[in-house]
Structure formats: structure tokens, C-alpha cells
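Here is a short report to read alongside the sequence and the model. Please keep the 3D view open as you go.

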Amino acid sequence: MVNTVLDIKNLRKTYPGVTALDDFSCSFTKGEVHALIGENGAGKSTLIKCIAGAISPDSGTITLDDTAYLGLDPETAKTKGIEVIYQEFNLVPSLSAAENVFLNVKTSNGILVNTRQREFMAADIFKSMGGELNPAQPVWGMSPANMQIVEIAKALSRNVRLLIMDEPTAPLTIKETRLLFQIVKDLKAKGVTVIYISHRLEELFEIADRVTVMRDGKFVATKDIKDVTRQELILLMTGRVLNNNYPERRAVIGEEVLWVENLCGWGVEGVHFTLHKGEVLGFAGLVGAGRTEIMSVLFGAFPKTYGDTYLRNKKIHITSPRIAVKNGIGLIPEDRKYQGLFLFQSIRWNITAGIVKQLSKFGIVSGKKEKAVADEYVTRFNIKTPGVEQLVLNLSGGNQQKVVLAKTMAAHSDIIIFDEPTRGIDVGAKWEIYKLINELVESGKAVIMISSEMPELIGMCDNLVVLYEHRQTGFVPKSKFSQEYILSLASGGPEEGICGKN
Ligand SMILES: Nc1ncnc2c1ncn2[C@@H]1O[C@H](COP(=O)(O)OP(=O)(O)OP(=O)(O)O)[C@@H](O)[C@H]1O
Ligand SMILES: [Mg+2]
């Protein structure tokens with residue numbers, strides 16, 4: 001076919017105990033935005049790594065421009081105009097935006113690196129993307145959105161024909177997402193093919209032309225986006241029907257467990273709230289509003305500069321995470337790859353790391369008990385793995401996330417802080433996490449949930465604290481929840497109900 005830019009036939013990739021790609025076939029046409037969806041561990045990242053030449057398939061072919069390859073190498077993939085933007089960006093923090101865009105590219109005829117020339121050219125690309133990034137600015141300290149712009153500019157400078165994006169909107173604000181969609185639409189108009197991986201199904205209806213569903217490494221279906229509904233996509237991905245987005249909760253809100261008064265630290269100021277037994281308290285705000293920072297201060301991972309914390313009506317000085325954990329406070333971090341997990345240890349080791357003492361007798365850890373606990377969580381969260389001895393490093397992104405959740409759950413905290421608990425998690429598992437949060441509060445625990453997904457906050461929380469530019473701009477009870485109102489507070493609109501003490 002004339003319009004096919006990439007044709008994949010019978011691709012197979014196995015790891016010990018796992019078939020990541022199972023006879024997978026699919027083709028991509030010129031100038032389309034083709035979404036790739038599937039549950040955590042379905043094989044999406046494995047597929048794009050094969051296309052980019054980062055790994056070799058066991059068998060099958062990848063056809064580009066009528067040449068069939070058994071496996072590509074990164075060099076060939078690049079020459080053919082294939083560029084991938086992985087979720088963990090591939091930038092050099094100490095270099096400027098322009099230097100990153102033209103890394104490994106000779107811009108003048110000689111070997112001489114011409115900084116000014118690079119900056120001019122990078123500025124041109126940034127402008128064509130509708131952004132106003134300063135090319136001389138170092139990548140270090142940039143917002144995720146700007147880093148992504150640098151990544152895309154890098155691809156554009158190399159005459160990209162096939163751009164692959166793995167969950168590009170996860171770290172972006174609503175406004176930045178709009179800019180990204182515009183960039184994608186412009187690329188499409190220029191004939192670039194975009195393969196777009198996302199767990200946010202709503203986005204696909206706005207940006208994609210076609211969608212391919214994968215399950216257990218297999219091809220399930222390719223559909224025109226205008227011919228499917230969200231429910232149908234969920235059915236294709238998971239094999240089951242999900243009618244409600246949020247499971248029912250029967251928690252009773254009880255006595256106050258935590259009172260935070262005018263907490264300041266890590267650049268955030270004036271945060272007040274109370275948290276009760278049985279309550280899910282949400283933290284809303286745009287990316288970078290200071291939600292993660294203030295929770296790190298509360299958790300003792302960062303020093304506080306001012307303010308008081310009362311736990312069960314007693315003043316408490318949380319000066320380290322160890323003290324927080326000892327007092328029954330658990331935190332599931334946003335950046336789980338670096339903070340939450342030991343990648344070179346097994347699932348069993350990671351899940352039980354915090355409860356080794358409970359599982360030991362006379363100082364000897366019971367491997368059997370460890371395995372039983374780990375097995376229980378693997379089943380409960382449907383962690384896709386051949387067994388609990390698998391190294392966490394080898395799990396798919398979403399499954400690693402589930403291990404962090406399991407680890408914190410196993411530690412039996414009374415107050416659990418979830419920072420973006422469903423980022424990168426597939427729809428089915430999202431529902432499981434919501435159910436788990438419900439079970440926690442139904443059993444009398446209290447939950448704090450930071451999320452950038454407004455529907456999730458509205459669907460799950462009893463009250464909301466809103467932050468804007470490192471300070472609290474609102475405390476919103478459920479009776480006043482509305483997307484517009486919360487967004488206006490999160491964008492610095494008129495402040496209201498600052499104090500959460502009641
Ligand atoms: N290096 C590896 N060693 C062992 N197993 C692996 C390795 N890489 C991937 N796998 C397994 O292959 C399967 C597919 O993983 P992949 O990362 O492609 O999933 P995914 O669809 O991208 O999921 P997610 O939505 O969670 O990112 C998973 O079961 C994963 O554990
Ligand atoms: Mg993945």
C-alpha cells in the first residue's frame with residue numbers, strides 16, 4: 001500500500017516466563033495519529049522499543065519503505081526518521097535547550113560547535129511549535145512541559161517521519177496539553193505519523209484518527225476512533241465492562257486524626273487542613289503548584305520552616321520520614337521509580353521491605369510469609385509477572401507503580417498520602433486502586449490524595465485543598481465541588497475558605 005509507512009508482521013518477543021509480544025501485526029499510515037492502548041503490561045512499550053531498534057524481536061518483521069527488517073538497530077531507525085519520546089526524558093540537564101536539540105548534530109560544516117547558530121535554529125523550531133522557550137536556558141530546572149518541547153524539537157530537527165510518544169500528557173497541565181495537541185495536529189498536517197500511547201482514553205477522541213488495542217502482547221483490534229466509544233475500548237482492553245468510573249463507598253467520617261496549621265516549607269506557604277478518620281482529602285492544583293512539596297514537608301522528608309502538626313490532638317514533630325512511618329503515616333511518592341522502589345530487587349523483597357520485623361521470628365525472616373504477603377498483593381492488584389521473584393526492573397511502568405502501592409499497603413499505615421496514585425495506570429487497575437482507597441477509609445483509615453486529574457478528585461474526595469503557586473487558595477467541601485470552581489482556585493482566582501479547621 002502506498003500510504004503505509006510502517007508495517008509490523010507477526011512480531012514476537014519473549015522474556016523468561018513472559019510473552020511480551022505474541023504474533024503481533026499492525027500497520028501505520030502516513031500522516032495519521034495512531035493511538036496504542038492496552039492494560040499495564042500489554043506490550044506497548046516493548047513494541048515501540050522494537051520499532052526504535054532499542055531491542056530486537058525474537059521473530060517477525062518490521063517493514064519500512066518496502067524493506068523488511070528482522071530487527072532494527074537504533075542507527076537505521078533514526079536514518080529512517082523514527083523518533084521516540086520516552087516518558088523518562090532523554091535530555092542532558094546541564095546543557096541548554098539549544099544544545100540538547102542539536103546534540104550529536106553538526107550544525108556548521110566543520111566540527112566547530114557554533115552556539116549562536118544552534119540557538120537561532122532552536123529558537124526557530126520552538127517558534128514553529130508555538131512555544132516561547134529561551135534556547136539558552138539550561139534544561140536543568142525546566143518544567144516537564146518545556147522538557148517535552150525540547151524533546152519534540154530534537155525530533156523535528158532530524159526530519160522526523162514517525163514520532164512515537166509514550167504517555168506524553170502524564171506530566172502536563174491542561175494548558176500545556178492543549179499546546180501539545182496543537183503541535184501533534186501540525187505535525188500530522190505535515191505528513192508525520194504519530195504513534196500515541198496513553199491511558200487517558202478521553203484524549204484519544206480528541207487527538208487520534210485510529211486506535212489499536214493490545215492485550216497480553218496480542219493484537220486485538222484497530223478501529224477508526226469515530227466508530228468506537230470509551231466503553232467499547234475498555235471492553236476490548238480488559239475483556240470486561242466497567243459501568244461506573246468510581247466504586248461505591250460506605251465510609252463514615254469520624255474524629256479528627258490530623259490537624260495541620262499554617263505549614264510552610266520547601267517554598268510552600270500557609271497550608272491548613274484537618275483530616276478525619278474515614279475521609280479522603282484531595283489536593284488539587286496545577287502541576288508545580290507545590291502539592292508534592294508540602295506533603296514532603298509534612299512527611300518529614302524536607303524541613304519545615306513554620307507551622308504545627310497535631311496527630312490525634314497531640315503536637316508532633318515529624319523531622320524525618322522514619323518518624324512519620326513510626327507514627328502510622330505512609331507516603332506513596334509521585335516519582336516512584338527513584339523514591340519508591342529498589343529496581344534491582346524482587347517484587348517480594350520490595351513489597352515486604354517495610355514489614356520484615358513483623359514477618360520474622362527470633363530475627364529470622366520467614367521467606368514463606370514474605371511470599372504469601374507478596375502473592376496476595378500480586379493477585380489483588382493483578383500485577384503482571386511470572387512470579388514474585390521477578391526483579392522490579394523488568395516490570396512494565398504501570399506494574400511497577402502497583403508494587404509501590406502494595407508496599408505501602410503492607411506497612412499498615414493509618415494515614416496514607418497518595419501522590420498521583422493512578423498516573424500511568426490502566427483503567428481496570430485504576431478502578432482497583434479506587435476500590436482499595438475506599439476499603440482503607442471504610443476501615444477507619446484516612447487518605448490524602450494528590451491528583452492532577454480533576455474528575456478523579458471530584459469522584460473520590462470528601463474535601464479538597466487547592467494550591468496555586470505554592471500557597472493555599474482554597475478549601476472546598478464536597479457540596480461545592482465543580483470543575484470550574486476548583487479550576488478557578490487552582491489558577492489563582494478569588495480565594496475562599498482557606499482554613500480547613502471545623
Ligand atoms: N527486560 C524485561 N525482562 C522481563 N520482562 C520484561 C522486560 N521488559 C518487559 N517485560 C515484560 O513484558 C510485558 C510487557 O511490558 P511492556 O513494558 O511492554 O508493557 P506496557 O504495555 O508498556 O505497560 P504499561 O502500560 O504498564 O507501561 C510485561 O509483562 C513486562 O513485565
Ligand atoms: Mg509502558
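In this predicted model, the shell around ligand 1 takes at least two residues from each of three elements: strand β2, helix α1 (44-52) and helix α14 (397-410). Altogether 18 residues surround ligand 1, and the closest of them are Y15, N40, S45, S396 and G398. What is the chemical make-up of the shell, counted as nonpolar, polar and charged residues? Polar residues number 11, with five nonpolar and two charged ones beside them.

The shell also connects to the domain layout. The chain is divided into three domains, set out here.

| Domain | Residues |
|---|---|
| domain 1 | 4-238 |
| domain 2 | 256-328 + 413-427 + 443-502 |
| domain 3 | 330-411 |

Which domains each give at least three residues to the shell around ligand 1? They are domain 1 and domain 3. The C-alpha centres of domain 1 and domain 3 are 31 Å apart, and the two domains touch through seven residues of domain 1 and eight residues of domain 3. On the side of domain 1 that touches domain 3, five residues are polar and two are nonpolar, while no charged residue is found there.

Now let us turn to strand β2, which we met at the ligand. It belongs to an open sheet of four strands, ordered β2-β1-β4-β5, with antiparallel pairing. Why do β2 and β5 each have one side without a neighbour in the sheet? Both β2 (18-29) and β5 (67-69) stand at the edges with a single partner strand each, so one side of each is left open in this sense. On average, neighbouring strands of the sheet are turned by 20° against each other, direction ignored.

The partner of β2 is worth a look as well. Strand β1 covers residues 4-15 and pairs with β2 in the antiparallel sense over eight bridges. Within this pairing, L11 stands opposite F24 in β2. The hairpin of β1 and β2 has two residues between the strands, and G17 takes a positive phi near 80° in this hairpin. As a general point, side chains in a regular strand alternate between the two faces of the sheet.

Key: Residues are numbered from 1 along each chain as its sequence is written. Chains are lettered from A and ligands numbered from 1 in the order in which they are written. This is a predicted model: local features need pLDDT of at least 70, side-chain atom pairs count only at pLDDT 80 or more; totals for chains, interfaces and linings use all residues. Two strands pair if DSSP finds at least two bridges between them. Axes are lines fitted to C-alpha atoms, for helices over the stretch in contact, and angles run from 0 to 180 degrees between N-to-C directions. A residue is near a molecule or strand if its C-beta atom, placed from the backbone, lies within 6 Å of it. Ala, Val, Leu, Ile, Met, Phe, Trp, Tyr, Cys and Pro count as nonpolar, Asp, Glu, Lys and Arg as charged, and the others, Gly among them, as polar. Domain bounds come from an automatic or database domain assignment.
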